Structure formats: structure tokens, C-alpha cells
Amino acid sequence: MRRFWSDEFKATAVEQACQPGVNVSAVARQIGILPSQLYRWRRELLGSDEPGQAAETTDSQSCVSGPDPIVEIGIGNIVVQAGRHADEAHLQRVIRAVRSA
């Protein structure tokens with residue numbers, strides 16, 4: 001059976017996930033949803049139109065103030081944060097290193 005969440009619940013969850021230093025996956029588990037669900041709500045509520053921003057990578061600029069937006073990449077229990085304009089090759093190396101650890 002599919003569950004439906006109120007807009008207020010979603011907004012509250014997204015607000016929690018947008019706090020500095022907060023692990024989005026941990027917030028999702030705490031409120032009883034999958035991290036991918038919370039990432040999707042965050043994209044929907046904050047208006048990210050960027051393609052390729054699936055559950056593993058999100059545009060959290062709307063959550064983090066400052067000149068360089070943050071991209072979060074969830075790999076298992078680890079969340080890697082990088083500047084939005086980080087070099088793709090560098091991110092690939094970091095992801096490979098995390099996966100092999």
C-alpha cells in the first residue's frame with residue numbers, strides 16, 4: 001500500500017535535512033522513509049531542475065548558503081560532500097576510494 005505524506009510533513013523533513021552538517025540519510029531513517037524519498041522531496045520542494053540529480057547526488061544549494069553550492073553523494077553509509085563545481089575526474093576518484101574502503 002502506498003503511503004501519502006502531507007506537504008507540511010515533507011517541508012518539515014526537508015527543513016531538517018537542510019540543516020548544516022546534517023546527514024540526509026540519517027534524517028530519512030529517523031523519520032521512517034528511504035533516503036531517496038527525502039532527496040526527491042528536497043529536489044521537488046527546492047526546485048532543482050538539474051538533470052542527473054538522482055538519489056545518489058543532489059543539488060543542496062538551496063540548503064547550504066554561500067557562494068559555492070554543495071553536492072552530496074551518498075555511498076552506503078557514507079556521504080561525500082563536494083563543491084558543486086568540483087572536477088568530475090576528482091569526484092570519480094573519491095567515489096572509487098570510498099567504494100573500495
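Okay, let's start right at a contact: F9, K10, A11, A13, V14 and A17 in helix 1 meet L38, W41, R42, L45 and L46 in helix 3. What kinds of residues are those, nonpolar, polar or charged? In this contact of helix 1 with helix 3 we get 9 nonpolar residues, no polar ones and 2 charged. And before I go on, please keep in mind that this is a predicted model.

So how do those two helices sit? Two packed helices are described by the angle between their axes and the distance between the axes. Here, helix 1 covers residues 7-17 and helix 3 covers residues 35-46, and their axes come within 9 Å. The crossing angle is roughly 100°, and therefore helix 1 and helix 3 are roughly perpendicular to each other.

Let me zoom out for a second. The chain has 4 helices and 3 strands, and if you read along the sequence you get α-α-α-β-β-β-α. Of the 101 residues in the chain, 33% are buried. Also, take the contacts with a separation of 6 or more: 25% of them are between residues 24 or more positions apart.

Now, the inside. In soluble globular proteins, nonpolar side chains tend to be buried together. In this model, the largest nonpolar core has 11 residues: A13, V14, A17, C18, V24, V27, A28, I33, L38, Y39 and W41. Which helices feed into that core? Helix 1, helix 2 (that's 24-31) and helix 3 each supply at least two of its residues. There's a second, separate core as well, with 8 residues, including V71, I73, L91 and I95.

If you want one residue to click on, try A13. It belongs to the largest core, and it's also one of the helix 1 residues that meet helix 3. Leaving aside neighbours within four places in sequence, A13 is in contact with V27, I31, L38 and W41.

Last stop, the strands. Is strand 2, residues 70-75, mostly covered or mostly open? Mostly covered: 5 of its 6 residues are buried. Strand 2 pairs with strand 3, residues 78-83, in the antiparallel sense, over 6 bridges. To find your way around that pairing, look at I70, whose bridge partner in strand 3 is G83. Then go to the hairpin of strand 2 and strand 3, with 2 residues between the strands, where G76 takes a positive phi near 60°.

That's my tour, thanks for listening.

Methods: Residues numbered from 1 in each chain as written. Predicted model: local features only at pLDDT ≥ 70, side-chain atom pairs only at ≥ 80, totals over all residues. Heavy atoms only, no water. Axes fitted to C-alpha atoms, helices over the stretch in contact; angles between N-to-C directions. Parallel < 35°, antiparallel > 145°, perpendicular 65-115°, else oblique. Contact = heavy atoms within 4.5 Å. Nonpolar A, V, L, I, M, F, W, Y, C, P; charged D, E, K, R; others polar. Buried < 20%, exposed > 50% of the residue type's maximum accessible area, 1.4 Å probe, protein only. Pairing = 2+ DSSP bridges. Core = buried A, V, L, I, M, F, W, Y, C linked by side-chain atoms within 4.5 Å.
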